Amino acid sequence: MPVAASAIYFLNLRGDVLINRLYRDDVGGNMVDAFRTHIMQTKELGTCPVRQIGGCSFLYMRISNVYIVIVVSSNANVACAFKFVVEAVALFKSYFGGAFDEDAIRNNFVLIYELLDEIMDFGYPQNLSPEILKLYITQEGVRSPFSSKPSDKPVPNATLQVTGAVGWRREGLVYKKNEVFLDIVESVNLLMSSKGSVLRCDVTGKILMKCFLSGMPDLKLGLNDKIGLEKESQLKSRPIKSGKTIELDDVTFHQCVNLTRFNSEKTVSFVPPDGEFELMKYRITEGVNLPFRVLPTIKELGRTRMEVNVKVKSVFGAKMFALGVVVKVPVPKQTAKTSFQVTSGRAKYNASIDCLVWKIRKFPGQTESTMSAEVELISTMAEKKSWTRPPIQMEFQVPMFTASGLRVRFLKVWEKSGYNTVEWVRYITKAGSYEIRC
């Protein structure tokens with residue numbers, strides 16, 4: 001359900017109303033008094049950003065020295081409401097030269113009212129893109145004297161940009177060198193038992209693009225996803241070529257993607273925004289290629305000594321390598337002294353997090369490294385409970401490797417002028433929550 005906001009208030013830290021806008025008549029004009037009395041004066045602002053008073057809900061956020069409060073009388077989407085606030089603040093900053101505070105609001109009453117009428121209609125969020133709104137709301141805000149951001153000049157063809165299908169890209173872009181940069185960034189989430197069995201494993205990924213293309217190009221992206229390849233084979237009456245296919249779950253796209261074409265042809269077709277943007281997000285739950293295997297052995301020798309042995313094997317290709325590998329092995333709080341032997345990298349005891357931290361700057365593929373440590377503990381009479389071993393945590397980054405197996409089969413760029421395009425594709429796999437119980 002969308003926001004369906006009944007009113008929006010801008011308050012200073014004292015609770016004075018700087019500016020407000022009522023979108024519905026289902027709440028009274030004195031609702032801000034309830035917020036001031038039951039939330040601000042009771043000093044409960046930092047406990048929860050959503051409060052219910054009577055039959056209304058107050059969703060509030062503090063930006064600089066201003067509180068933005070959205071009042072709703074129905075069961076609204078809270079995430080959508082806060083997303084609206086964040087986007088609205090970014091819009092105001094673009095008009096005010098990068099500043100958003102009490103002074104900026106007092107100096108731009110007329111402009112703020114005009115923007116509030118455009119970005120929300122009867123309580124439902126509308127277009128909040130600064131590039132689009134500046135095409136027909138050309139009034140310049142009173143800029144802060146501390147802002148060094150240059151003012152954005154409006155671009156022509158406002159009607160096309162506001163009513164057309166490509167509202168995220170303006171016409172007339174020209175580049176001497178037309179380039180497309182595509183990054184597939186994945187995070188591996190793993191929880192492994194002490195016996196080596198996988199308890200939880202998935203990959204969350206996103207495709208980031210940076211486009212420097214002239215005109216209004218039409219791009220088509222092909223991936224090795226199973227559904228897309230099957231649909232392509234049906235349309236072309238060809239069998240699927242051998243190779244790994246993957247199944248994408250929970251896919252979300254940027255607004256530029258043609259969803260009608262995706263549903264019918266299972267191809268990602270889009271007219272990209274200018275510059276950097278996130279094309280899509282996805283999740284993989286099956287067929288995950290783990291980049292590392294961790295084999296820990298921890299022996300408690302009485303109450304004052306421990307032996308820790310950790311072997312890390314890299315499973316990715318021999319021509320690849322991982323960067324910034326960090327292995328954190330938890331130890332008891334009463335650790336007094338440690339000594340290490342490592343085959344590569346450096347290890348030390350970090351008392352602030354009660355962990356043995358083993359760092360390797362560069363870890364080649366198809367190799368293994370080991371760390372052996374002797375830990376001396378302080379014997380205390382008060383410590384009667386047995387030590388519960390937290391899982392070993394791991395951090396890393398592997399360029400040109402995808403744990404999901406996702407690959408870009410093709411990236412086609414078509415533009416009516418027929419210019420040549422340079423495409424750059426990069427793969428990066430990082431550790432999300434990579435934990436091994438010991």
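This is a short walk through one predicted model, from the whole chain down to a few residues.

I'll start with the totals. The protein chain has 438 residues, and 41% of them count as buried. It contains eight helices and 23 strands. If you take the contacts with a separation of 6 or more, 70% of them are between residues 24 or more positions apart. The accessible surface comes to about 23400 Å², and carbon and sulfur atoms hold 50% of that.

Now the sheet at the start of the numbering. Five strands make up an open sheet, and the order across it is 2-1-5-4-3, with antiparallel pairing. At the edges are strand 2, residues 17-22, and strand 3, residues 50-53, each of which pairs on one side only. From one strand to the next the twist averages 20°.

Let me take strand 1 next. On one side strand 1 pairs with strand 5 in the antiparallel sense, over six bridges. Within strand 5, the residue opposite I8 is I70. Strand 1 also pairs with strand 2, again in the antiparallel sense, over five bridges. There, F10 has I19 of strand 2 as its bridge partner. Strand 1 and strand 2 form a hairpin with four residues between the strands, and G15 in that hairpin has a positive phi near 95°.

How many residues of strand 1 are buried? Six of its six, so to speak of the strand as mostly covered is fair. The cover is on both faces: A7, Y9 and L11 are buried on one side, and I8, F10 and N12 are buried on the other.

On to strands 4 and 5. Strand 4, residues 56-63, runs antiparallel to strand 5, residues 66-72, and seven bridges join them. I63 is placed opposite V66 of strand 5.

Two helices pack on this sheet. Helix 2, residues 78-96, touches strand 1, strand 3, strand 4 and strand 5, and its direction makes about 35° with that of strand 4. Helix 4, residues 109-119, touches strand 1 and strand 2. The direction of helix 4 makes about 30° with that of strand 2.

Staying with helix 4, Y113 is located there. Which residues join Y113 in a nonpolar surface patch? They are F109 and V110, and the patch amounts to about 270 Å². Is Y113 buried, partly exposed or exposed? Y113 has a relative accessible area of 34%, which means it counts as partly exposed, since buried would require under 20% and exposed over 50%.

Last, a residue much further along the numbering. V308 is in strand 15, which covers residues 305-314. With a relative accessible area of 0%, V308 is buried. What is V308 in contact with, leaving aside its neighbours within four places in sequence? The list is T297, I298, V329, L356, M371, S372, A373 and V375. One distance to add: V308 and V331 are 23 residues apart along the chain, and their C-alpha atoms are separated by 9.3 Å.

To go back over the main points: the sheet is open, with five strands in the order 2-1-5-4-3. Strand 1 has both faces covered. Helix 2 packs on the sheet, and helix 4 packs on the sheet too. V308, in strand 15, is buried. That is what I had for today.

Key. Residues are numbered from 1 along each chain as its sequence is written. This is a predicted model: local features need pLDDT of at least 70, side-chain atom pairs count only at pLDDT 80 or more; totals for chains, interfaces and linings use all residues. Side-chain values use heavy atoms; hydrogens and water are left out. Two strands pair if DSSP finds at least two bridges between them. Axes are lines fitted to C-alpha atoms, for helices over the stretch in contact, and angles run from 0 to 180 degrees between N-to-C directions. Contact means heavy atoms within 4.5 Å. Patches are made of residues with over 30% relative accessible area and no salt bridge: like charges are joined within 9 Å, nonpolar side chains (Val, Leu, Ile, Met, Phe, Trp, Tyr) within 5 Å. Accessible areas come from the Shrake-Rupley method with a 1.4 Å probe; for residues, only the protein chains shown count as cover. A salt bridge is a side-chain nitrogen of Lys or Arg within 4 Å of a carboxyl oxygen of Asp or Glu. Buried means under 20% relative accessible area, exposed over 50%, partly exposed in between (1.4 Å probe, protein chains only).
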